[in-house]
Amino acid sequence: MKYYLVALFDNDSLKDMAKLQRSAGRKYKSYKNQAAYHITLEVIGDTDLEKLDKIINKILKPYKRFKVEINKALCFDDPYRSLNLQVENKGYIGRLARIINDTLKLHGINVRTHIQDWNLHVSLNSSSFPLKKISKNEYDAAYNKAKKINFYRLATIDRIELWKSLTNRRDMVVKSYPLREY
């Protein structure tokens with residue numbers, strides 16, 4: 001089973017992303033329900049959850065809530081055909097992703113090998129909950145609309161969560177790691 005370590009936003013940061021996603025979803029009737037807006041920090045192979053929990057707690061202990069820079073639309077073409085917001089891979093978020101990847105590798109946990117090739121992003125249309133398959137023309141139109149909006153925000157990350165699946169919302173969260181307040 002795959003696990004996903006994700007960074008989640010506070011409520012204030014979610015409002016603008018939700019507005020942008022609803023606008024695209026309403027126009028193209030492609031995605032009604034969205035999994036929580038998140039930034040995937042790491043994809044983890046099948047492992048001992050107790051060991052993983054201890055390692056993650058140790059990594060996250062010194063971290064407080066932090067801000068990330070979200071700027072411009074980013075798209076992934078076929079087969080994903082997804083609309084995303086790019087997260088600048090700098091500051092705490094970039095460092096945290098690298099530390100998690102390196103530490104989990106050192107402990108023998110199966111993680112991505114080339115983290116530098118990973119684009120940190122927030123998915124606006126998850127392929128997990130589609131109402132219909134979005135056509136190429138609809139996808140291009142949605143991407144162009146998002147690009148014109150010139151989305152730029154500083155968003156606050158308030159917790160990290162370990163998810164076991166991106167498709168079953170009810171049983172998705174394995175463990176939540178709230179970050180300390182400023």
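Trainee: How much area does the chain expose, and what share of it do carbon and sulfur atoms supply?

Mentor: Good place to start! This is a predicted model, in which local features need pLDDT of at least 70 and side-chain atom pairs count only at pLDDT 80 or more, while totals for chains, interfaces and linings use all residues. Residues are numbered from 1 along each chain as its sequence is written, and side-chain values use heavy atoms, with hydrogens and water left out. By the Shrake-Rupley method with a 1.4 Å probe, where for residues only the protein chains shown count as cover, the chain exposes about 10300 Å², and the share supplied by carbon and sulfur is 49%.

Trainee: What percentage of the residues count as buried?

Mentor: Buried means under 20% relative accessible area, exposed over 50%, and partly exposed in between, with a 1.4 Å probe and protein chains only. For the 182 residues of the chain, the buried share is 48%.

Trainee: In what order do the helices and strands run?

Mentor: Helices (H or I, at least four residues) and strands (E, at least two) are DSSP runs, numbered from the N terminus. The chain has 4 helices and 7 strands. Reading from the N terminus, their order is β-α-β-α-β-β-α-β-α-β-β.

Trainee: Which residues of the largest nonpolar core touch the most other members?

Mentor: A nonpolar core is a set of buried Ala, Val, Leu, Ile, Met, Phe, Trp, Tyr and Cys residues joined through side-chain atoms within 4.5 Å. The largest one has 44 residues, and those touching the most other members are F9, I39, V68, I70 and I160. There is also a second, separate core of 6 residues, which includes Y4, V6, V43 and W163. To return to your question, the names from the largest core are F9, I39, V68, I70 and I160.

Trainee: Which side chains of β1 lie on each face, and are they buried or exposed?

Mentor: In a regular strand the side chains alternate between the two faces of the sheet. Strand β1 covers residues 3-9, and 7 of its 7 residues are buried. One face carries Y3, L5, A7 and F9 and the other Y4, V6 and L8, and the state of all of them is buried.

Trainee: Which residue in β2 is the bridge partner of L5?

Mentor: Two strands pair if DSSP finds at least two bridges between them. β1 pairs with β2 (residues 38-44) in the antiparallel sense over 6 bridges, and 6 bridges also join β1 to β6 (residues 152-163), again antiparallel. On the β6 side, V6 stands opposite E161. On the β2 side, the partner of L5 is E42.

Trainee: Which side chain lies 2.8 Å from that of E42 in a polar contact?

Mentor: A polar contact is a pair of N or O atoms within 3.5 Å; within protein, one must be able to donate a hydrogen and the other to accept it, and residues adjacent in sequence count only if both atoms are side-chain atoms. E42 is buried, with a relative accessible area of 0%. Its side chain has a polar contact of 2.9 Å with that of R112. The partner at 2.8 Å is N101.

Trainee: What relative accessible area does E161 have?

Mentor: E161 belongs to β6, and its side chain makes a polar contact of 3.3 Å with the side chain of R159. Contact in general means heavy atoms within 4.5 Å, and beyond four places in sequence E161 has contacts that include Y4, L5, V6 and L8. E161 counts as buried, and its relative accessible area is 9%.

Trainee: Which residues of α3 are buried?

Mentor: Helix α3 (residues 92-106) has 15 residues and reaches 21 Å from its first C-alpha to its last, close to the 21 Å expected at 1.5 Å a residue; that expected span is 1.5 Å times one less than the number of residues. Its buried residues are I93, G94, L96, A97, I100, N101 and L104.

Trainee: How far apart are the C-alpha atoms of I109 and G45?

Mentor: I109 is in the loop between α3 and β5, and its relative accessibility of 6% makes it buried. Beyond four places in sequence, I109 touches I44, T47, L52, I55 and L104. I109 and G45 are 64 residues apart along the chain, yet their C-alpha atoms are separated by 7.2 Å.

Trainee: Which residue in β5 stands opposite N84?

Mentor: Strand β4 (residues 82-87) is largely enclosed by the rest of the structure, because 6 of its 6 residues are buried. β4 pairs with β5 in the antiparallel sense over 3 bridges. Opposite N84 stands S123.
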